Amino acid sequence: MNCILAGVGGQGTVLASKLIAQAGRTAGRQVRTAETIGMAQRGGCVVSHVRTGDVVLSPLVPLGQADVLIGFEPAEAVRCLPYLKAEGTAIVCTKAVRPVTASLTGSSYDGSEMIEYLQKNVPHLILVDGEAICAAVGSPRALNVALLGAALPALGIAPADMEQALRASVRPQFVEMNLAALRLGAQAQKKADEKGETDHD
Amino acid sequence: MAEKFLMGNEAIALGALDAGVGFVSGYPGTPSTEVLETVAKYNDGSVYVEWSVNEKSAMEAAAGAAYAGARAMVTMKQVGLNVASDPLMSLAYVGVQGGMVVLVADDPGPISSQTEQDTRTFAMFSKLPVFDPSSPEEAYAMVGAAFDLSEKVQTPVLLRSTTRVCHGCATVRVQDERRVKPAQGFVKDTQRWVIFPRTSFLNHQKIEARNPALGDALGNTPFNFVDHAGSGRRGIATHGINYAYTSEALELLCAQAPVLKVGTPFPLPEEKMVAFLRSVDEVLCVEELDPVLERALTYLCGKHHLPTVVRGKRTGDMPTAGENTVESVEKALSAYLGVPLPQGAQREAPPPLPVRPPVLCAGCPHRGSFYAVKVAMKGRKAVFSGDIGCYTLGNAMPLDMVDTCLCMGAGVTIAQGLHRVEPDAVNFAFIGDSTFFHTGIPGVINAVYNEHDIVLIVLDNSTTAMTGHQPHPGTGKTMMGEVSQKVSIEKVLRAVGVECVKKADPLNLAQAVSAVREAADFHGVSAVIFESPCIAVTKPKPALRVDAAACVGCKRCIRELGCPALIMDGGKARIEPGLCTGCGLCSQVCPAGAIRAENA
């Protein structure tokens, strides 16, 4: 299983990839990850790679080899779409993060064009209203775990394994908030799934 | 053996602890920083750990510990090794008693550095052995081997890894018990420890005599091997993380080729390399940074009269700069082996993507400092020399306040040279607190002594922010968890003779601008110390809010400050509450008084 997490520095991609790796290890698989750490973390594009399997050679997912793409932001999801297999699943937060440069140049980027592109080009697309989930659990820092909740079936991770990974990685006072975000993310995935089935009928 | 899921840098730290390291020093620098942090985290009290003031100090302190027989490790990034090169070059002649490992993290890309230099080349230059791990697992094993080798040949040993090994995570089998390596203490011996031209001549001879045999001995360790021997006449030579990329690319191409993986590139594992050269007609060198293997193999072909063709960066078969990926290696191997590239998913071209360069965080006090200098110098001819740290990002629009950036501590001295040639400009030098201690102070003394006319702006945010908030001499905290005396930047400046020293809060615009004006009008060396903690080490204030009724939509806040928390929304400015730290700078810029505290 190859997974790409794409976002903007500060959105919590590193913790999310660590949680996927831990849950994968709980399930007895070999895991390799690669992170963006350093200057790009200051509001730049960040990409994490997580690979699990019987034998994993390189920590970087080759282009076109990702089973799952978790996009923390619409344009970042599109930027990393070349990693995703034709039949891969993309889980994308609909809320756009506008770069400072966009505000300066008067660009109208609001993510909608990116969402339309994803809807046309990704057969297995799960859109998550991350902003609503963060508001519901009362923390802007819950986005990463909410997206993980929606990604669990595609990642092949049992909810119990992810909950265990969360309890082991998050400070005690934040466990409940994160578990709530995980569940709301999972609900968003189920809704998208049902909607997808009716669309196909 | 226990299994642990570790980042490469954590694996190196645990490898050092398990090898009985007694002294670890270093200076933070991406991608090396987590090594020393992890040693400190797992320190049971038996290891002395410090963030040194710079890499040269770290190298010398570690050398002292190794002179006294302790196992010592020093950590830094590739450009840090330039700062520490003076002690290292001499140390190669003098040697050590206890094992000494010099951990240097290289940054192909570069992702977070000024240069794409290769520490394997530095090993050749300094004539020191070097290990080059291809994974976190191998990095763990190599640390122990490097300590053993260092003690055996009584010389420092380099361990160089690259970003994808440092910041990649994998399952590593670690020893159950830590080795205990007691230090016997310093044994006086002036012939040995005092470097003199005559002893250096003799030591130089010894080093040159030692290295060829050492290269062959290291060549026979498990860190050098050949995969798929005999699977064709077109071979591949590779190293480090490129070994993983090569293995994966061959799988994707459904191709096979003999692969020589070199883990100890210097001293040259000559026998191993020559045997490989004899087994193939051609070799493609898959390397990042310098063509170290390519040069070595080309040399060996000449020396041993071999007809084998060596290809790589110098023959145009591999990219000369930047980081490799599985794709770039796959493409090169496809051309080299004559195997077609598999077709990936085909999708329509995406819409134009927004560019997203890294920026100063919302609420970053550096924004206030840069803006204050910009306002104070409006209409005056001024040049802004920058330095290394988060504040290099002050170059971005709309601040555009970094005209030069070279290396740690260079801004202070570059400003002096600029001003001598163009005395009608006001020459500013911006420097962060950690960089000030690192290499800034000699530049300030140079300015005072040589009567230069510059304005020093110290951006004191009470931490080493860019690398992840390490303590430094101004913070009064050490990596041993102790509270030490804080070194005062103001007192240092006054002590070296800077007469005009101002302090200001960068988030108080009027006060900050007036401090800058006074310093700029002073003839000689003047300084403004902007004190305000990094937003990552302090509790944020409540977010501010734009009163949409009062906002006139002039965009002044956005145009002047470029804060990521400020966006235009339907012709009005809006503040992202999740990003805003309540620094208040924008409320001081708004001409309509529309930006206020949430509850005001």
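## Two domains of chain B

Let's start inside chain B: the C-alpha centres of its domain 3 and domain 4 are 27 Å apart. Keep in mind that everything here comes from a predicted model. The two domains do meet, with 10 residues of domain 3 of chain B in contact with 10 residues of domain 4 of chain B. On the domain 3 side, helix α15 (residues 365-376) of chain B gives the largest share, 3 residues. Sorted by class, that side has 8 nonpolar residues, along with 1 polar and 1 charged.

Where do these domains sit along the chain? Domain 3 of chain B covers 365-537 and domain 4 covers 544-597. Ahead of them in the numbering come domain 1 (2-217) and domain 2 (225-337).

## Chain B as a whole

Stepping back, chain B holds 21 helices and 22 strands. Its C-alpha atoms fill a box of roughly 80 × 70 × 50 Å along the principal axes. How does that fit with a compact globule? For 600 residues, such a globule would have a radius of gyration near 25 Å, and chain B comes in at 27 Å, so the two agree.

A look at the packing adds to the picture. Of the 600 residues in chain B, 54% count as buried. Then there are the contacts between residues at least 6 apart in sequence: 78% of these join residues at least 24 apart.

## Where chain B meets chain A

Now for the partner chain. The contact between them takes 47 residues from chain B and 45 residues from chain A. Several elements of chain B give two or more residues to its side: β8 (168-174), α11 (240-252), α14 (326-337), α20 (556-561) and β20 (566-569). Which of them gives the largest share? That would be α11(B), with 5 residues. By class, the chain B side breaks down into 30 nonpolar, 10 polar and 7 charged residues.

## A strand pair across the chains

One of those elements, β8(B), also pairs with a strand from the other chain. Strand β2 of chain A, residues 30-34, is joined to β8(B) by 2 bridges. Do the two strands run parallel or antiparallel? They run antiparallel. If you want a spot to look at in the 3D view, try A:Ala34, which stands opposite B:Gly168 in β8(B).

Methods: Residues are numbered from 1 along each chain as its sequence is written. Chains are lettered from A and ligands numbered from 1 in the order in which they are written. This is a predicted model: local features need pLDDT of at least 70, side-chain atom pairs count only at pLDDT 80 or more; totals for chains, interfaces and linings use all residues. Two residues are in contact if their C-beta atoms, placed from the backbone, lie within 7 Å. Helices (H or I, at least four residues) and strands (E, at least two) are DSSP runs, numbered from the N terminus. Ala, Val, Leu, Ile, Met, Phe, Trp, Tyr, Cys and Pro count as nonpolar, Asp, Glu, Lys and Arg as charged, and the others, Gly among them, as polar. Two strands pair if DSSP finds at least two bridges between them. The radius of gyration is taken over C-alpha atoms; the globule rule is 2.2 Å times the number of residues to the power 0.38. A residue is buried if 20 or more other C-beta atoms lie within 10 Å of its own, exposed if 12 or fewer, and partly exposed in between; C-beta atoms are placed from the backbone. Domain bounds come from an automatic or database domain assignment.
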